[in-house]
Amino acid sequence: MTILVTGGAGFIGANFVLDWVDVHEETVINLDKLTYAGNLDTLSSLQGNTRHVFVRGDIADSQLVKQLLTEHQPRAVINFAAESHVDRSIHGPEDFIQTNIVGTFRLLEEVRAYWKDLSPEAKQGFRFLHVSTDEVYGSLAPDAAAFTETHRYEPNSPYSASKAASDHLVRSYHHTYGLPVLTTNCSNNYGPYHFPEKLIPLMIVNALAGKALPVYGDGQQIRDWLYVKDHCSAIRRVLEAGQVGEVYNVGGWNEKPNIEIVQRVCALLDELSPRADGTSYNEQISFVTDRPGHDRRYAIDARRLERELGWKPAETFETGIRKTVQWYLANQPWVENVQSGNYRDWVEKNYSGRAV
Ligand code: NAD
Ligand code: TYD
């Protein structure tokens, strides 16, 4: 048996592939375009492993997707491939429309054509699992209840709007064509192999480099954090037992304001890799101009997944963030490798004029 994973060289996709090869006998076909966010270094431990087949390519390349489906006959497709960074979507939304909307559409079209011709038994067992985000639900008031699966869609950034569009396409392929789809909407992830453009890895990497720790606005925006391995276990569980056509919210019940996250990272670094002058990394915190349209609060109600499929996160925020900081301290060469020219250009573009 085989599964096809898209975007499996990115942060969550690669963690998923590494875990999958550990726990399953099945082969993984990994289709990834290797944008700035795709990194084969993350998958280096799979070199020579015949149960991992890496293919560089675009989910919007219909010919390639058709060929991979025909050749490998996967029993499931898990779609991680996306442009995923809100700030980048503000500076340049086009790639988000292209990959998240057009790409998902083309992928769905090829998967539909493939699935339609499978044997009745294979057809029934087949799944298309779409990995999405809580950001499609928009921003919550401070006292509002956490997002359930029926919360209305109110995306506020080009990133979340493009993911919302992809979720709707996936839903429509089930309702219109009967494609056996599953959708997961997860809160903010953190953990190993996270590209240092996102909050937690950026703070660790900047702190260690003696650079400013740029906190947007007042730092009181709230995110709901989940350790990436827990997201991966949730996806495996939904793939295994999720009800076709349904949506599952995934979250860790870990709502925290950004400033607390940054201070926690600083405290862990103070303990594990203290600054030479003996003062705290907190000294490097710098409040900068806010992100336009910045969502104030996200919070996930993950009770459905727990109640119906018995899933629970294994990590608390405390255990997960400690593991994460330790991982970055032990994997400096990985960090140095991803800080390529493209990354440096990005930092220049995003933070110039923000008074860091
Ligand atoms: P990422 O940016 O780290 O990785 C995305 C991967 O997709 C990269 O390897 C990239 O090369 C690849 N890719 C981009 N465009 C492609 C294309 N057209 N064809 C094939 N491959 C392409 O993202 P991530 O953080 O790993 O997120 C993975 C998925 O999970 C995304 O769909 C994202 O919306 C969703 N998600 C992310 C989070 C989070 O906190 N990071 C939370 C919830 C949901
Ligand atoms: P991010 O990791 O970009 O994820 P998302 O925007 O998808 O939630 O950002 C997490 C939070 O941290 C978000 O509220 C924006 C904030 N943030 C900063 O304050 N400073 C930064 O340099 C970055 C990248 C993010």
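Of the 17 residues around ligand 2, the nearest are Glu-135, Pro-214, Arg-291, His-294 and Tyr-351. Keep in mind that this is a predicted model, so every distance below is a computed one.

Three of those neighbours also show up when you look at individual polar atoms. Pro-214 does it through its backbone: an N or O atom there sits 2.7 Å from a nitrogen atom of ligand 2. His-294 uses its side chain instead, with a polar atom 2.7 Å from an oxygen atom of the ligand. Tyr-351 also brings in a polar side-chain atom, this one 2.6 Å from an oxygen atom of ligand 2.

Now for the other ligand. Ligand 1 has 28 residues around it, and Ile-12, Asp-32, Ser-84, Tyr-159 and Lys-163 come nearest. Polar backbone atoms turn up here too. Phe-11 places one 3.0 Å from an oxygen atom of ligand 1, and Thr-35 likewise has one 3.0 Å from an oxygen atom of ligand 1. For Lys-33, the partner of the polar backbone atom is a nitrogen atom of the ligand, at 3.0 Å.

Phe-11 and Ile-12 lead us on to the helices, since both are in H1 and take part in its contact with H8. Here are three helix pairs side by side.

| Helix pair | Axis angle | Axis distance |
|---|---|---|
| H1 (residues 11-23) and H8 (residues 228-241) | roughly 65° | within 9 Å |
| H2 (residues 62-72) and H4 (residues 94-116) | roughly 35° | within 9 Å |
| H7 (residues 199-208) and H11 (residues 317-330) | about 45° | 11 Å |

Start with H1 and H8, which pass each other in a right-handed crossing. On the H1 side the contact involves Phe-11, Ile-12, Asn-15, Phe-16, Asp-19, Trp-20 and Val-23, and on the H8 side Val-228, Lys-229, His-231, Cys-232, Ile-235, Arg-236 and Leu-239. Sorted by class, that gives nine nonpolar, two polar and three charged residues.

H2 and H4 also make a right-handed crossing. H2 contributes Ser-62, Val-65, Lys-66 and Leu-69, which meet Arg-106, Leu-107, Glu-110, Val-111 and Tyr-114 of H4. The tally for this contact is five nonpolar, one polar and three charged residues.

That leaves H7 and H11, whose axes pack at an angle of about 45°. Because of that angle, H7 counts as oblique to H11. The crossing is right-handed. Ile-200, Pro-201, Ile-204, Val-205 and Leu-208 make the contact from H7, while Ile-321, Thr-324, Val-325, Tyr-328 and Leu-329 do so from H11. So what classes of residue does the contact of H7 with H11 divide into? There are nine nonpolar residues and one polar, with no charged ones.

Definitions and conventions: Residues numbered from 1 in each chain as written. Chains lettered and ligands numbered in written order. Predicted model: local features only at pLDDT ≥ 70, side-chain atom pairs only at ≥ 80, totals over all residues. Heavy atoms only, no water. Axes fitted to C-alpha atoms, helices over the stretch in contact; angles between N-to-C directions. Helix = DSSP H or I, 4+ residues; strand = E, 2+ residues; numbered from the N terminus. Parallel < 35°, antiparallel > 145°, perpendicular 65-115°, else oblique. Left-handed = near helix turned anticlockwise from the far one by under 90°. Contact = heavy atoms within 4.5 Å. Nonpolar A, V, L, I, M, F, W, Y, C, P; charged D, E, K, R; others polar. Near = heavy atom within 4 Å. Polar contact = N/O pair within 3.5 Å; in protein donor to acceptor, adjacent residues only side chain to side chain.
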